[in-house]
Amino acid sequence: MAAEEQQEDVKPKINLIVDFEGQTCTVKVKPGMPFKKLFEAAEKRFGKEPGTFKFTFGGQRLRPEECPAEHNMEDGDVIDAHLQQLGGGR
């Protein structure tokens, strides 16, 4: 019984998939971990500079200070990475 209680105290990690133009990478995160770390890991894996991407989940933009638990993310959910548009059209 004590072993079961200890397992419940351990926060499970979930695998989130980051998709950028058909390329994917999987990042293992804790539900309460800020997205900032996930964003940095994904940009590094895709060989991009920090701040290059904006990330969305279900059409909603994700902010670095938010976490997967706030968006009810589950194991295997896909986050979309988009290149950040700089400047405007004139």
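## Contacts, core and strands in a predicted model

Q: What does Phe-55 touch, and what makes these residues its contacts?
A: Leaving aside residues up to four places away in sequence, Phe-55 touches Val-18, Phe-39, Ala-42, Glu-43, Gln-60, Arg-61, Leu-62, Ile-79, Asp-80 and Ala-81, where contact means heavy atoms within 4.5 Å. This is a predicted model, in which local features need pLDDT of at least 70, side-chain atom pairs count only at pLDDT 80 or more, and totals for chains, interfaces and linings use all residues. Residues are numbered from 1 along each chain as its sequence is written, and side-chain values use heavy atoms, with hydrogens and water left out.

Q: Why is Cys-25 called buried?
A: Cys-25 has a relative accessible area of 9%, and buried means under 20% (exposed is over 50%, partly exposed in between, with a 1.4 Å probe and protein chains only), so Cys-25 counts as buried.

Q: What is found when the whole structure is searched for disulfides?
A: The search finds 0 disulfides, a disulfide being a pair of cysteine sulfur atoms within 2.5 Å.

Q: How do you know that strands S3 and S5 pair?
A: Strand S3 (residues 53-57) and S5 are joined over 4 bridges in the antiparallel sense, and pairing requires that DSSP finds at least two bridges between two strands, therefore S3 and S5 pair. Here Thr-56 stands opposite Asp-80 in S5.

Q: In which sense do S1 and S5 run, and over how many bridges are they joined?
A: Strand S1 (residues 14-20) and strand S5 (residues 78-83) run parallel and are joined by 3 bridges, with Ile-17 opposite Val-78 in S5.

Terms used: Helix = DSSP H or I, 4+ residues; strand = E, 2+ residues; numbered from the N terminus.
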